[in-house]
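Welcome to this short tour. Open your viewer, get your selection tool ready, and follow along one stop at a time.

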Amino acid sequence: MKIGILINRVTWEVKQLITEFEKRKINYNLINNQKLFFRLNKEKEFEGRYDVILERSLSYLRGLYTTAILETKGYNIVNNYNCLNITGNKLLTTLKLIEKNIPTPKTCVSFKPEPAIGAIKEEIKYPAILKPIIGSWGRLIAKLDDYTSAMGNLECREVMGNVLQKIYYIQEYLGHQDSNMPTDLRVFVIGKECIAAMGRFKPEDDFRSNIAIGGTAKKIDINKDIAKISLSASNAVNGEIVGVDLMRKQNELKVIEINGTPQFRAIATSTKMNIAGKIVDFLENTYG
Ligand SMILES: Nc1ncnc2c1ncn2[C@@H]1O[C@H](COP(=O)(O)OP(=O)(O)O)[C@@H](O)[C@H]1O
Ligand SMILES: [Mg+2]
């Protein structure tokens, strides 16, 4: 079997995968999209064949477009282009979740600050959460506590933002004050199985629990409700390897995000699970 790993940097996750390939004597190759050019008119891109290419690009758009190019040429990519396109975009993800009747927070979208303020006043109410539709690691996600903080954030984006940051994706706030309860949950789904889950706790002064900005993780048990909603979310986007982020409203679970290129250092460490091994098992069983 030959596996490609599509990267733009050798991350901790990529090193773990390489260790697993070497342990199992699997033929693999790193495809670094920073060092290549692609011949769009040529039928095959690479010499020899790949049974599957695992998309692990840290840069979302480069990974997405490389996937589009290689998939068009007939390569199997995990996750596929359509899955990456939807999961990398919170607006498209929300639409898909609503289409599939999967619980997700109340969300409004507006293309100008004034109607965005109207959406908060009439629909979402304060505090509200403002997110860039493409982004990760909690970056540029803001909590809008009142009109002043809302207008401040919206105006900054309107004047200084790029075109994507001027799409105002506004969501109901689902935070809570109980420091014993996780801020949100991350469930790692491979194929049709939820293989690991962690609760993430926000740092004291922030409302976001991303590990990249100081959130901490603790293993949690995967009960029936968590498994059901996570698998539905993964199915909705035809995901093969995804990370599903969940929050609770009162006691009901809601999907806030599906990650199509999920990092797994924190979940591997907190659950003591060999996630890279599970990923390679899946690739061998599905594409080997
Ligand atoms: N609706 C919300 N209410 C309260 N906190 C939220 C909400 N949505 C996201 N958060 C917090 O912000 C973090 C990042 O949000 P998420 O939608 O997962 O975007 P990212 O792609 O940046 O991880 C979450 O892990 C959670 O802690
Ligand atoms: Mg997230």
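Begin by selecting W137 and ligand 1 in this predicted model: a backbone N or O atom of W137 sits 3.4 Å from an oxygen atom of the ligand. While W137 is highlighted, look at its backbone, where phi is positive, about 60°, although W137 is not a glycine. Most residues other than glycine have a negative phi, so this is a nice detail to pause on. You will find W137 in the loop between β6 and β7 (142-144).

Now add G138 to the selection. A polar backbone atom of G138 is 2.7 Å from an oxygen atom of ligand 1. Next, pick S209, which uses its side chain: a polar atom there lies 2.8 Å from an oxygen atom of ligand 1.

Which residues are closest to ligand 1? Show the whole surrounding set, 24 residues, and colour K90, K131, G138, D184 and E257, which are the closest.

Keep K90 and E257 on screen. Their side chains meet in a salt bridge, with N and O 3.4 Å apart. K90 belongs to helix α4 and E257 to strand β13, so the pair ties together parts that are 167 residues apart in sequence. If you search the whole structure for salt bridges, 17 turn up.

**Zooming out to the domains**

Time to colour by domain. Domain 1 covers 2-81, domain 2 is made of 87-100 + 177-272, and domain 3 spans 107-172. Where domain 2 and domain 3 touch, 14 residues of domain 2 and 19 residues of domain 3 take part in the contact. Measuring between centres over C-alpha atoms, you should get 22 Å for domain 2 and domain 3.

How much area do domain 2 and domain 3 bury between them? The figure is about 1300 Å², with 56% of it on carbon and sulfur atoms. To see the main contributors on the domain 2 side, select K90, L91 and F207: these three supply 42% of the area that domain 2 buries against domain 3, more than any other three residues.

Stay at this interface and select K249 and E172. They form a salt bridge, and their closest N and O atoms are 2.9 Å apart. The count of salt bridges between domain 2 and domain 3 is one. Polar contacts can be shown as well: six residue pairs are found across this interface.

Which elements line the domain 2 side? Highlight α4 (90-99) and β13 (252-259), each of which supplies at least two residues of the side that touches domain 3. The largest share, three residues, comes from α4. Colouring that side of domain 2 by class gives five nonpolar, five polar and four charged residues.

**Two peptide bonds to finish**

Most peptide bonds are trans, so the last two stops are worth a look. Select V78 and N79: the peptide bond from V78 to N79 is cis, with omega near -5°. N79 is placed in the loop between β4 (77-78) and α3 (81-87).

Then move to Y126 and P127, which are also joined by a cis peptide bond, here with omega about -10°. P127 is in the loop between α5 (113-124) and β6 (128-131).

How values were computed
Residues are numbered from 1 along each chain as its sequence is written. Chains are lettered from A and ligands numbered from 1 in the order in which they are written. This is a predicted model: local features need pLDDT of at least 70, side-chain atom pairs count only at pLDDT 80 or more; totals for chains, interfaces and linings use all residues. Side-chain values use heavy atoms; hydrogens and water are left out. Domain bounds come from an automatic or database domain assignment. Contact means heavy atoms within 4.5 Å. Buried area is the accessible area (1.4 Å probe) that two parts lose on being put together, summed over both. A salt bridge is a side-chain nitrogen of Lys or Arg within 4 Å of a carboxyl oxygen of Asp or Glu. A polar contact is a pair of N or O atoms within 3.5 Å; within protein, one must be able to donate a hydrogen and the other to accept it, and residues adjacent in sequence count only if both atoms are side-chain atoms. Helices (H or I, at least four residues) and strands (E, at least two) are DSSP runs, numbered from the N terminus. Ala, Val, Leu, Ile, Met, Phe, Trp, Tyr, Cys and Pro count as nonpolar, Asp, Glu, Lys and Arg as charged, and the others, Gly among them, as polar. A residue is near a molecule or strand if one of its heavy atoms lies within 4 Å of it.
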